[in-house]
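Biologist: I am new to this structure and would like a close look at a single part, the salt bridges and what surrounds them. Please take me through that slowly, with each term explained as it comes up.

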Amino acid sequence: MLLPKFEFHEPASIQEAIELKKKYRTDARLLAGGTDLLVHLKKKLITTDHVISLLRIKDLGQIKNNKESVEIGACVTMARLSESKVIQENFCAIKAGADNLGTHLIRNRATLGGNVCNASPAADTICSLIVYQAHALLESTDGKRELPIESFFMSPGKTDIRDNEILTGFKLSIPGKNCGAHYIQLGKRKSSEINIVNVASFIQFDPSDQTIMNSRIALGSVAATPIRSFHAEKILQNKKASESLFYEAGEAARHKDCKPIDDFRGTADYRKAMIGVLTKRTLDAAFKQVQAQ
Amino acid sequence: MEKFDIISSRAPRIDTPDKATGKAVFIDDISKPGMLYGALLQSPHAHAKILSIDTSKAEKLEGVKAVITSKDAGSVKYGVSPARYDETVFAIDKVLYVGDEIAAVAAVSLETAQQAVQLIKVEYEILPAVFTVEDALKKEAPQLHENFPNNLCAQVHQEFGNVEEGLKQSDIIKTTTLKNKRQDGACIEMQGCIAEYDVREVLTLITSTQVPHYVQRTVAMVLGLDIGKVRVKKPYLGAGFGIKASANPMELACCILAVKTKKPVKMNYNREQVFMYSRARHQFTHTITTGAKKDGTIIALKHECYLDGGAYTSFGIATVYYTGSLLGGPYKLANMSYDGYRVYNNKPACGAQRGHGAVIARACFEQQLDMIAEEIGMDPMALRIKNMMNTGDTTCNDLNMSSFGMSECIEAVRKGSDWDKKKGNMPKGKGIGMACGFFVSGAGYPIYRSDTFHGTVIVKLTEDGGTALVYTASAEIGQGSDTAFAMIAAETLGIPLENIRLASGDTDMGVDLGAYSSRQTLMTGHATKEAAEHAKQQVLEVLAHKLDIPMEDMDIKKGFIEFKNHIPDFSVLRTRYIKEHRGWTDNPDSEKLTFKEASRIAFLEKGSIVGTGKYKPQLLGGKFKGAAVGTSPAYGCSAQVAQVTVDMETGQVTIDHITDAHDCGKAINMTSVEGQMEGSVSMGIGEAMHEEVIFDDKGRVVNNDLAEYKIVTSMDMPIVNAIVVESNEPNGPYGAKEVGEGAIMPTIPAILNAVYDAAGVRMNELPLTPERVYNAIQVYRKKLSA
Ligand SMILES: Cc1cc2nc3c(=O)[nH]c(=O)nc-3n(C[C@H](O)[C@H](O)[C@H](O)COP(=O)(O)OP(=O)(O)OC[C@H]3O[C@@H](n4cnc5c(N)ncnc54)[C@H](O)[C@@H]3O)c2cc1C
């Protein structure tokens with residue numbers, strides 16, 4: 001398969017990039033690792049006259065630790081996320097997704113911004129970003145914008161980004177003590193998978209009596225975008241952690257919160273059943289993290 | 001046992017330096033001055049009449065040098081087996097599957113060629129299409145081939161002994177079904193070729209093929225050229241697995257374009273086209289009934305199978321026969337019947353893939369053996385050993401096991417896996433299972449009826465005496481055959497491996513049927529041995545004459561001449577040799593006469609020393625219809641133990657470990673044998689666990705890339721303990737026989753038996769996706785609680 005012809009731009013700063021984006025708007029595509037974009041171009045799923053590479057923009061490749069919060073540049077790769085100490089220590093659900101995305105080769109190129117902007121309901125980092133309540137940082141010649149990640153996704157492949165904007169990164173508050181989170185994805189083989197379903201869970205405990213003060217659960221591959229599992233979260237509210245409670249939450253996620261479809265990767269029934277299992281397992285893992293603190 | 005200097009060692013492969021440094025030349029690396037690029041127009045419809053083809057716009061596009069359709073390619077039918085030549089290069093009035101070739105373009109660039117293909121206008125009348133065996137067999141089903149009513153491409157009905165009687169005498173009868181899914185060979189290298197037609201009207205095709213010889217014959221036949229004017233060469237290959245074991249329409253189109261334009265033309269399949277062309281493992285639906293006595297003796301086997309064949313026959317005739325015949329062993333079995341049906345439909349044609357025809361039948365049957373063992377409370381290994389054939393035995397369908405280390409393989413995996421301790425004692429969710437299998441070591445007959453030699457080899461000694469050149473038309477496709485033949489030549493000549501230079505894969509070098517049916521080590525190996533013996537004999541003849549010593553009293557070992565009695569005075573020969581090399585610094589001063597000296601002296605006497613060798617199998621058994629498929633000069637056999645973990649909540653199966661023992665006769669190269677065993681296991685796991693070509697309701701492949709068609713990754717591959725069990729095959733060169741395909745036979749049933757052990761579920765459909773296993777576990781749980 002041949003890559004179609006296009007004009008290639010390599011801005012060295014965010015300013016240059018947003019000016020190019022302003023000039024070409026929908027005639028241009030942004031290129032980060034290219035592991036989605038180039039595949040789509042080769043398969044002729046999309047066409048474009050201009051490709052604007054973001055890889056020379058140093059600012060987009062940084063992880064900044066601001067003590068209370070962390071800023072992850074849009075072009076930080078999965079491999080970098082996996083190795084990063086702040087991520088390992090504070091955002092292990094993101095690390096779990098980054099560790100398993102694609103293959104070694106893909107992880108060396110695939111970026112967090114690309115994963116989010118590609119907006120696949122099966123994406124390996126989005127559920128985790130949702131449960132950590134990340135904010136997407138957007139920039140255009142009109143100025144900067146911050147959007148809660150949960151409201152960023154419209155439909156498969158579509159986000160709330162504007163034609164003249166680029167995503168510069170993500171802001172995440174560092175969770176306090178007594179918090180735990182985990183992410184699990186389920187596929188047919190152990191590597192280079194496209195998820196059948198995937199789930200991230202986050203819980204915060206009251207240290208005095210071990211009840212769950214707060215929880216967020218996000219489900220992937222069961223709707224047009226990754227979604228929150230509010231019924232499951234409600235079941236957990238102010239309850240003491242236990243295996244049966246987590247099972248109950250899983251059953252709520254399975255029966256009340258997800259609306260998967262049948263496709264060649266799996267049936268809706270199986271997806272629902274697995275949402276139950278993975279919800280239970282991620283909660284359990286999150287709980288064990290807190291116990292180990 | 002004979003002691004060898006080179007054979008049975010772990011000599012590094014002769015292609016390793018090239019491949020490890022990226023210097024090995026594959027088809028993609030080759031380009032020619034003035035080369036054009038070709039592209040194919042393939043049908044977007046699964047079944048349609050072609051009403052008209054308008055190529056005028058394409059022809060007018062700048063840079064286009066030729067546009068060809070069936071008008072140029074003609075109507076010569078070709079295929080794999082002459083009895084079922086049912087393909088033409090381009091569709092003439094009907095297309096039968098999405099991907100059927102209609103036209104081709106040659107242009108100055110690939111972009112231009114692809115653009116021109118878009119400009120060809122075809123008017124179709126869409127016809128109703130069928131995509132499954134069931135639908136294709138219905139009375140009112142659309143018919144694909146006039147001469148084959150009811151879409152029945154082939155049917156086989158065989159009975160050996162008396163199955164009904166056998167089942168009556170049985171105490172235990174098990175009937176089960178097993179269905180696999182259509183595979184893709186998923187060779188990392190996609191097919192590609194370059195055709196060139198020179199001013200002397202010789203057509204040279206360089207192509208990524210397993211079978212230069214069959215491609216040469218097909219090209220000559222379809223283009224109406226003399227065989228002597230067609231040369232087919234293969235560069236290094238990124239595997240074949242059976243998918244590249246016959247001429248493909250792109251190769252033929254490429255040749256026609258080269259003849260027409262008088263320029264070199266290059267063509268490649270992209271991954272989508274690889275899936276469209278297909279020719280990989282069929283989807284089989286087996287129903288097998290096995291009858292046994294209470295003591296575990298197997299009495300009878302009744303077997304029925306439907307093969308989902310696709311639009312053309314390809315290897316299908318051979319496949320449908322192999323499917324039946326290779327259940328004849330490795331167990332003593334007096335009564336066996338088989339009814340096989342290969343059915344056409346509007347999907348790409350299936351063909352041969354590693355373990356041709358026999359893999360899923362084996363997977364079904366070996367599960368039944370475990371079911372019988374369980375019912376009578378016998379260890380599955382004991383049951384198998386009880387029924388095992390012995391060396392020299394012949395199956396009810398006339399397959400002779402001239403060497404047979406099957407029981408040794410079972411013992412090897414029993415020990416290697418710690419079976420006795422583990423079987424019956426695995427924790428919940430973990431399981432252990434085993435199975436056996438065997439496979440031909442080369443098809444007994446060529447694909448076209450002929451008395452031809454299956455392989456010829458030339459060994460030529462260089463004039464300086466130091467090096468032996470080995471020329472074979474056989475196909476190194478990644479399996480290590482070049483290394484095996486270099487080792488055989490070195491061993492036979494009695495010289496170090498470094499002193500062999502080997503060239504292969506070129507029809508100008510002789511006849512060789514190629515890399516399929518696990519034939520090359522045995523067959524080309526024989527021819528290599530004979531050619532090397534012939535060359536050696538000529539050297540020794542000259543020496544005998546010069547030294548006045550009988551030939552029988554001399555031999556060549558490790559590059560030196562060995563004399564049986566005493567070392568004669570050979571100073572005259574040495575002086576002569578040294579004189580020939582005035583000014584050279586590496587004059588021999590060894591106590592022994594070197595091969596180099598002897599070979600140089602022989603050259604001075606006789607001119608070029610050329611040894612020739614050839615091979616065809618001895619007369620093989622079987623007089624019944626179809627006996628030619630399954631007979632082989634030898635059979636490799638193997639046993640495997642799989643250990644698995646089943647996640648009872650998600651249905652995910654992890655293969656934890658495989659213990660694999662294979663009897664390959666004498667291992668020519670130990671490392672290569674282990675490599676083939678591990679490769680077979682990985683392909684078997686892929687088929688058992690993940691692989692499945694999926695179509696939409698229009699006959700298009702949905703998962704036509706390696707992201708969605710899931711072959712095994714390194715992360716899925718368990719540790720494989722590969723144990724080489726050597727026997728001495730009387731019909732093999734130095735006792736060698738196959739390992740390339742036989743090693744896949746036990747993998748799938750061993751996994752299925754282990755999954756049963758772990759989860760209590762017997763699976764009757766592959767692959768074992770988490771969902772399929774999960775559903776089976778739900779059904780099982782309901783049954784338990786009911
Ligand atoms: C073999 C293979 C395996 C894969 N496996 C997985 C997997 O297991 N899990 C998974 O989730 N994904 C997987 N993917 C998909 C892909 O690797 C990921 O989605 C990856 O994170 C995309 O990042 P990228 O940097 O390569 O994005 P690109 O391909 O460069 O871009 C993706 C999209 O985002 C847009 N974009 C990128 N950066 C920005 C930005 N800063 N601002 C605005 N728009 C932007 C691009 O224009 C494009 O539309 C796989 C891909 C391949 C080829």
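Modeller: E87(B) and R279(B) are both buried, where buried means under 20% relative accessible area, exposed means over 50% and partly exposed lies in between, with a 1.4 Å probe and protein chains only. Their side chains meet in a salt bridge, with 2.9 Å from N to O; the term stands for a side-chain nitrogen of Lys or Arg within 4 Å of a carboxyl oxygen of Asp or Glu. This pair links distant parts of the chain, since E87(B) sits in the loop between α3 (70-73) and β4 (94-95) of chain B and R279(B) in the loop between α9 (271-277) and β13 (283-292) of chain B, 192 residues apart. The helices (H or I, at least four residues) and strands (E, at least two) named here are DSSP runs, numbered from the N terminus.

The model is a predicted one, in which local features need pLDDT of at least 70 and side-chain atom pairs count only at pLDDT 80 or more, while totals for chains, interfaces and linings use all residues. Residues are numbered from 1 along each chain as its sequence is written, chains are lettered from A and ligands numbered from 1 in the order in which they are written, and side-chain values use heavy atoms, with hydrogens and water left out.

A second pair is D379(B) and R414(B), whose side chains meet in a salt bridge at 4.0 Å, N to O. D379(B) lies in the loop between α11 (359-376) and α12 (380-387) of chain B, and R414(B) in helix α13 (residues 406-417) of chain B, 35 residues apart. D379(B) is partly exposed, with a relative accessible area of 25%, whereas R414(B), at 17%, counts as buried.

A third pair joins E476(B) to R13(B), with 3.5 Å from N to O. E476(B) belongs to the loop between β18 (468-472) and α15 (481-493) of chain B and R13(B) to the segment before α1 (16-20) of chain B, so this salt bridge ties together parts that are 463 residues apart in sequence. E476(B) is buried, at a relative accessible area of 0%, while R13(B) is partly exposed at 22%.

Salt bridges also occur between the chains: six are found across the interface of chain A and chain B. One salt bridge is formed by K280(A) with E649(B), whose closest N and O atoms are 2.4 Å apart. The contact, counted as heavy atoms within 4.5 Å, takes 24 residues from chain A and 29 residues from chain B. Chain A and chain B bury about 2300 Å² between them, 54% of it on carbon and sulfur atoms; buried area is the accessible area (1.4 Å probe) that two parts lose on being put together, summed over both.

Within chain B, by contrast, the rule finds zero salt bridges across the interface of domain 1 and domain 3. Domain bounds come from an automatic or database domain assignment, which gives domain 1 of chain B as 16-23 + 452-615 and domain 3 as 283-445 + 622-785, with domain 2 among the others listed. The area buried between domain 1 and domain 3 of chain B is about 1600 Å², of which carbon and sulfur atoms give 63%. On the side of domain 1, S517(B), S518(B) and L522(B) lose the most area to domain 3, together 34% of what that side buries. Over all chains, the count by this rule comes to 62 salt bridges.
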